[in-house]
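User: I am new to this structure and would like a careful look at one part of it, followed by what surrounds that part.

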Amino acid sequence: MNMEKLNLTQEWDKVFPKSDKVDHKKVTFHNRYGITLAADMYTPRGTEGKLPAIAVSGPFGAVKEQSSGLYAQKMAELGFLTIAFDPSYTGESGGTPRYVASPDINTEDFCAAVDFLSVQENVDPEHIGIIGICGWGGMAINAAAIDTRIKATAAMTMYDMTRVNANGYFDSEDSEQARFEKKKAMNAQRTEDYRSGTYALAGGVVDPLPEDAPQFVKDYYAYYKTPRGYHPRSLNSNGGWNVTSSLSFLNMPILQYSSEIRSAVLLVHGEKAHSRYFSETAYSKLTGDNKELLIIPGANHTDLYDQMDIIPFEKLNAFFTEYLR
């Protein structure tokens, strides 16, 4: 796909239209592992004083010019200062090798975003929240479990990436033997990568799309591989993650202490989403009267990426207004 077809320009490189209700600029910050993260900051136009703030990231394998930027821009229209950031090793953020994920470092990325927001002159550091989409929904909940500065967390159409890597979809590969075979194959790939000096890529969303592909794969294709959501820096739109990127997810499950989260958590999932069970399980482990699971009738997984008539922004506004203002 060419840039002209996608209408991406140097001035506005997003897959969604630019809003005239917010001010936009590029910013950078670093996490505690020394990796520089790139972000888009959206500020409500004409506001003064210290604002409540929200950091947004995801989906897993996407970039800030896609879904997370759309969320950030819309929440800024609703009065929040927001940033949408590229996780470590992806997009315009730093970190080598490229295209690798980590349950620890990517959780830290959210905490680093809170670091950055906490010291901005126009942000109220006592009123900071986060939004994680897809695989970064799980990372956001994991961040809320460790970072007491996060006052409210929304996880949209979430994946628990450690669960799906270790157990397969719908836990269909939840056995020691299945995990052994995965580890065996990926460790063999480690040897090949070291020998060649390069990292083999797993491939993004399958292209061309097989006729017998599962519906959720077709939904991913409809977002990542068409002008609707394609972006040249998106892993899912192109070559995907490193093959060996899944190794740590097999061995280091997230959400171990999610039952101890005291701040507010909102999980939102589509009724028809293949991934719905991730949110339902995550919600069952949360405690306290400030936790909620919202199921959107008829919606699939990727509807919550960019469908403005389906994403419940009124609910998100009410949720973050209650806990951040």
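In which loop does Pro 97 lie?

Analyst: In this predicted model, Pro 97 lies in the loop between strand 4 and helix 3. The peptide bond that joins Thr 96 to Pro 97 is cis, with omega about 0 degrees. Most peptide bonds are trans, and most residues other than glycine have a negative phi.

The loop between strand 4 (81-85) and helix 3 also holds Thr 90, which is buried, with a relative accessible area of 2%. Leaving aside residues up to four places away in sequence, Thr 90 touches Arg 98, Leu 235 and Trp 241.

Beyond the loop comes helix 3 itself, residues 103-118, whose axis comes within 8 Å of the axis of helix 4, residues 135-146, and crosses that axis at roughly 70 degrees. The two helices are therefore roughly perpendicular to each other, since angles of 65 to 115 degrees are counted that way. On the side of helix 3, the residues that meet helix 4 are Pro 103, Asn 106, Thr 107, Phe 110 and Cys 111, while helix 4 contributes Trp 136, Met 139, Ala 140, Asn 142, Ala 143 and Ile 146. Sorted by class, this contact between helix 3 and helix 4 has eight nonpolar residues, three polar ones and no charged ones.

A second cis peptide bond can be set beside the one at Pro 97: the bond from Asp 207 to Pro 208 is cis, with omega near 5 degrees, and Pro 208 has its place in the loop between helix 6 and helix 7 (215-224).

Two loop residues are of interest for their phi values. Thr 157, in the loop between strand 6 (150-156) and helix 5, has a positive phi of about 45 degrees although it is not a glycine; Thr 157 is buried, with a relative accessible area of 0%. Phe 170, in the loop between helix 5 and helix 6, likewise has a positive phi, near 60 degrees, and is a residue other than glycine, but Phe 170 is partly exposed, with a relative accessible area of 49%.

In helix 6, which follows that loop, Lys 182, Met 186 and Asp 193 are buried. Seen down the axis of helix 6, these buried residues fall within an arc of 20 degrees, so they line one face of the helix; they pack against helix 5 (161-167) and helix 8 (247-251). The face of helix 6 turned away from this buried side carries the exposed residues Glu 176, Lys 184, Tyr 194 and Arg 195.

Key
Residues are numbered from 1 along each chain as its sequence is written. This is a predicted model: local features need pLDDT of at least 70, side-chain atom pairs count only at pLDDT 80 or more; totals for chains, interfaces and linings use all residues. Side-chain values use heavy atoms; hydrogens and water are left out. Axes are lines fitted to C-alpha atoms, for helices over the stretch in contact, and angles run from 0 to 180 degrees between N-to-C directions. Helices (H or I, at least four residues) and strands (E, at least two) are DSSP runs, numbered from the N terminus. Angles under 35 degrees count as roughly parallel, over 145 as roughly antiparallel, 65 to 115 as roughly perpendicular and the rest as oblique. Contact means heavy atoms within 4.5 Å. Ala, Val, Leu, Ile, Met, Phe, Trp, Tyr, Cys and Pro count as nonpolar, Asp, Glu, Lys and Arg as charged, and the others, Gly among them, as polar. Buried means under 20% relative accessible area, exposed over 50%, partly exposed in between (1.4 Å probe, protein chains only). The arc is that of the directions from the helix axis to the C-beta atoms.
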